[in-house]
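Got the viewer open? Keep the selection box handy and follow along, one stop at a time.

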Amino acid sequence: MSATDVILHVVDAFSDQPFAGNPAAICLLPKPAAEGWMGRIAREMNLSETAFLHPVVDGFALRWFTPTTEVRLCGHATLAAAHVLWEIGTLRADDEARFDTLSGWLICRKDGKWIEMDFPALSVDEVEVPEGLAKALGVTPVRVAKSIFDMLVEVPTAIEVRFAQPDFARLTTIDARGVIITAPGESGSGYDFVSRFFAPRAGINEDPVTGSAHCALGPYWRERLGRNEFTAFQESARGGVVRVAVRGNRIRLGGRAVTMSRVELTEAACADWAQRNEA
């Protein structure tokens, strides 16, 4: 395999402008790669997610890696992967991008300049405030809920979300993949709710825009606001807009994406790409 055969496409997801949204690296391969190799590439890229995909029957196998671990569900890197497949001509504009993942089949479709993703909706159950959580976030929660992946903390105002300064060392003691902090959107902002996402246990102190978090935020705010469709904003330094539509046990997430760069791997980096890691 030559070095020119492996290109990493770096895409800003949930943004139509460079230097905003959430960057992800997308690596399209002809067949599976070793898990260890994918982990090393993800550490080298040092983005919140690096995604690896290869063709399978009816679509593409897709896996997501942070710099420290593989994750079961990732929205922004799925959005970025679909964007790349359409941009480089692997898929036609009217084709679906279909991904076989650890969370089942995920389907993306183009909707004008937007990309719509069909994801599983994640139920959330209200829980007692875990010991140390409020102190770790530096906020007073209105209520706390938990999905299969994350802790969700509602606070009174978007300002409190925007200016929260978590203690990331303390957050690593919370038994969850990550912690979502959320509040209703400010009047006149155009956003129904806002959020931030912290995942120091997964090697990501703050994720700029988190599609998978909105799989839980959608059902949560449906119960709070009595609606099924929302425009949401993630209040990180980079920021990003997410369209959210709850449809039973599924959720449709909409976003835009822009390619920032393409990285060509060297022969040395590609040397063991196709070796299976059965350990």
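Select residues 35–45, which make up helix H1. Colour Trp37, Met38, Gly39, Ile41, Ala42 and Met45, the buried residues of this helix. Keep in mind while you look that this is a predicted model. The general rule for an α-helix is 3.6 residues a turn, so residues three or four places apart point the same way.

Now bring up whatever sits over those side chains. The cover on the buried residues of H1 includes strands E1, E2, E3 and E4, along with strand E18 (257–264) and helix H7 (267–270). Step just past the end of H1 and you land on Asn46, which has a positive phi of about 55 degrees.

**Next: His9 in E1**

E1 was part of the cover over H1, and it is worth a visit of its own. Select residues 7–13 to show this strand, then pick out His9 within it. Is His9 buried or exposed? With a relative accessibility of 8%, His9 falls under the 20% cut-off and therefore counts as buried.

Show the side chain of Arg262 as well: a polar contact of 3.5 Å links it to the side chain of His9. To see the rest of the surroundings, add Ala24, Ala25, Ile26, Val84, Ile88 and Ser261, which His9 touches together with Arg262 once residues up to four places away in sequence are set aside.

**Follow Val84 into H2**

Val84, one of the residues touched by His9, takes you to helix H2, so select residues 75–87. Try a ruler on the two end C-alpha atoms: they are 18 Å apart, and that agrees with the 18 Å expected for 13 residues at 1.5 Å a residue.

How many of the 13 residues of H2 are buried? The count is 12, so the helix is largely enclosed by the rest of the structure. Click along it and you can tick them off: Gly75, His76, Ala77, Thr78, Leu79, Ala80, Ala81, Ala82, His83, Val84, Leu85 and Trp86. After H2 comes Gly89, with a positive phi near 85 degrees.

**Two loops with an unusual selection**

Gly89 is a glycine with positive phi, but the next two picks are not glycines. Go to the loop between E1 and strand E2 (22–28) and select Phe19. Its phi is near 70 degrees, a positive value. Phe19 has a relative accessibility of 67%, so this residue counts as exposed.

Then move to the loop between strand E3 (49–56) and strand E4 (59–65), where you will find Asp58. Asp58 is another non-glycine with positive phi, at about 75 degrees. Its relative accessible area is 57%, which means Asp58 is exposed too.

**Over to E9, E10 and E11**

Select residues 125–127 for strand E9 and residues 143–146 for strand E10; the two pair in the antiparallel sense, with three bridges between them. Across this pairing, Val127 stands opposite Val144 of E10.

Add residues 150–154 and you have strand E11, which also pairs with E10 in the antiparallel sense, this time over four bridges. Which residue of E11 stands opposite Arg143? That one is Glu154. Trace the backbone from E10 to E11 and you go round a hairpin, with three residues making the connection.

**A stop at Arg222**

Helix H6 covers residues 211–225, and Arg222 is the one to select in it. At 25% relative accessible area, Arg222 is partly exposed. Show Arg227, Asn228, Phe230, Val246 and Gly248 to see what Arg222 touches beyond its sequence neighbours up to four places away. If you want a distance across the model, draw a line from Arg222 to Asp16: C-alpha to C-alpha they are 27 Å apart, with their positions 206 residues apart in sequence.

**Zoom out**

Clear the selections and look at the whole chain, with its seven helices and 18 strands. Its radius of gyration is 18 Å, close to the 19 Å that the globule rule gives for 279 residues, so the chain is as compact as a globular protein of that length. Turn it along its principal axes and the C-alpha trace spans about 55 × 40 × 30 Å.

Colour by burial and 53% of the 279 residues count as buried. Switch on a surface and about 12,300 Å² is exposed, 48% of it supplied by carbon and sulfur atoms. For contacts with a separation of 6 or more, 64% come from residues 24 or more positions apart.

Note on methods:
Residues are numbered from 1 along each chain as its sequence is written. This is a predicted model: local features need pLDDT of at least 70, side-chain atom pairs count only at pLDDT 80 or more; totals for chains, interfaces and linings use all residues. Side-chain values use heavy atoms; hydrogens and water are left out. Two strands pair if DSSP finds at least two bridges between them. Buried means under 20% relative accessible area, exposed over 50%, partly exposed in between (1.4 Å probe, protein chains only). A polar contact is a pair of N or O atoms within 3.5 Å; within protein, one must be able to donate a hydrogen and the other to accept it, and residues adjacent in sequence count only if both atoms are side-chain atoms. Contact means heavy atoms within 4.5 Å. The expected span of a helix is 1.5 Å times one less than its number of residues. The radius of gyration is taken over C-alpha atoms; the globule rule is 2.2 Å times the number of residues to the power 0.38. Accessible areas come from the Shrake-Rupley method with a 1.4 Å probe; for residues, only the protein chains shown count as cover.
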